[in-house]
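Me: I'm new to this one, so can you walk me through some of the labels people put on it? I'd like to hear the reasoning behind each.

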Amino acid sequence: MGKLVASDLIAAIEDYAPLTLKEGNDPTGFQIGRRDKSIERVLVTLDVRPETVQEAIEQNVDFIFAHHPVMFRPARNLDLSDPQNKMYADLLTHDITVYAAHTNLDKTNGGMNDWLAEALQLNDVQPFNITDYQSLVKLVVFVPESHAEQMRMALNQADAGHIGDYQACSFSTTGIGRFQPTDAANPYIGQSGDLEAVTEVKIEVVLPVAMQTKVVQAMLAAHPYEEPVYDVIPLANQQQPIGIGRIGQVAQSMTVRDYAQFVCETFDLTGLRLISNEPDKIVQTVAVVGGDGGKFFPAALQAGADVYITGDVYYHTGHDMLAAGLSVIDPGHHVESIVKDKMTEIFEKWAKQRGWSVTFIKSQQKTDPFTFIFNAK
């Protein structure tokens with residue numbers, strides 16, 4: 001198992017959720033610390049708060065991965081009587097590097113809003129409020145027949161070959177490769193100066209252009225040849241749409257009121273807010289944006305949603321939603337804590353694939369600032 005440097009983990013995160021996807025001035029990305037730091041213990045959290053930092057210190061953590069950025073607003077001074085400033089000082093004193101993936105993780109395929117749609121058991125899930133398209137390329141590599149299956153496995157483990165709801169997709173053809181090693185070469189097959197003819201397999205896989213570096217590195221690591229031959233070809237066919245939200249069909253029809261109860265149970269909530277003029281309407285199509293997504297409700301309505309799920313809905317926005325005829329369920333912002341389970345799974349998968357000697361720890365801190373108090377009258 002190999003040592004991991006913060007910059008390598010950051011590169012993997014940014015392959016998965018490219019910074020080019022972030023919304024506007026969202027201060028996502030590298031936050032605090034050193035990119036060149038060797039890391040052995042990583043804390044995965046929704047928020048970086050003073051109690052989270054103390055947890056990291058107690059767990060001897062080197063690196064914190066968070067969904068929400070630490071510095072939404074710049075510090076006006078470094079007065080350590082301020083809890084926020086004290087938290088920054090604690091991070092620096094204990095040499096803890098902090099990285100956040102926020103709206104880029106919301107938008108990326110397989111990110112936050114896909115996780116929420118999965119938790120809600122939605123079917124036929126698609127992005128909505130599409131603002132961009134993820135360009136695709138095709139990697140073509142030639143390997144000796146004896147290493148074809150090994151190469152296909154390596155490409156699959158690097159997450160190449162995803163097409164819609166299918167994974168491990170590839171195409172292979174067999175042919176004859178010819179080459180003549182020079183005296184300076186160190187060939188895997190053949191002798192210097194001899195012309196060789198080898199049965200080789202041509203393997204083709206499709207991948208997002210943002211993952212090209214990671215996949216090519218995995219291909220080179222799995223290839224037996226000293227000088228592998230490969231092509232990376234831009235594709236003109238339909239690209240993958242990128243949007244902040246997800247929309248899909250409910251697994252079982254129910255009323256708006258009953259669906260709100262289902263959301264409450266799904267995310268283990270003691271309460272939520274329902275905005276609806278038609279609580280007894282049957283729900284078929286649901287849109288979701290985690291966090292504060294009130295401004296996206298017109299896009300959810302245009303996409304055909306019966307119900308829109310998002311957090312932190314403002315009072316006047318709620319009136320606008322009612323006037324537009326859209327039912328909205330506000331489960332709060334903290335449902336995004338699903339990031340702790342999901343990113344820990346992803347990190348552990350990467351560690352196994354890449355030989356990282358790292359422990360990933362899910363934060364045990366509940367950082368939801370709100371408590372529901374019910375009127376007993």
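Reply: Sure. A salt bridge here means a side-chain nitrogen of Lys or Arg within 4 Å of a carboxyl oxygen of Asp or Glu. Keep in mind that the model is a predicted one.

Me: How do you know that Asp-106 has no salt bridge?

Reply: Look at the nearest side chain of opposite charge: that's Arg-246, and it is 8.9 Å away. The cut-off is 4 Å, so Asp-106 goes without a salt bridge, even though Asp-106 is buried. You'll find Asp-106 in helix H4, residues 103-107.

Me: Which residues is Asp-106 in contact with, leaving aside its neighbours within four places in sequence?

Reply: Among them are His-67, Met-112, Asn-113 and Ile-244. Arg-246 and Glu-336 are on that list too.

Me: Why is Cys-264 called buried?

Reply: Its relative accessible area is 11%. Buried means under 20%, so Cys-264 gets the label. Cys-264 belongs to helix H8, which covers residues 256-266. Beyond four places in sequence, Cys-264 is in contact with Leu-269, Thr-270, Gly-271 and Leu-272. Pro-331 is 67 residues apart from Cys-264 along the chain, and their C-alpha atoms are separated by 7.2 Å.

Me: What do the buried residues of H2 pack against?

Reply: Strands S4 (41-45), S5 (63-66) and S17 (359-362), plus helix H3 (83-93). Those buried residues of H2 are Thr-52, Val-53, Glu-55, Ala-56 and Ile-57. After H2 comes Asn-60, with a positive phi near 55°.

Key: Residues numbered from 1 in each chain as written. Predicted model: local features only at pLDDT ≥ 70, side-chain atom pairs only at ≥ 80, totals over all residues. Heavy atoms only, no water. Helix = DSSP H or I, 4+ residues; strand = E, 2+ residues; numbered from the N terminus. Buried < 20%, exposed > 50% of the residue type's maximum accessible area, 1.4 Å probe, protein only. Contact = heavy atoms within 4.5 Å. Lys, Arg positive; Asp, Glu negative; His and termini not counted.
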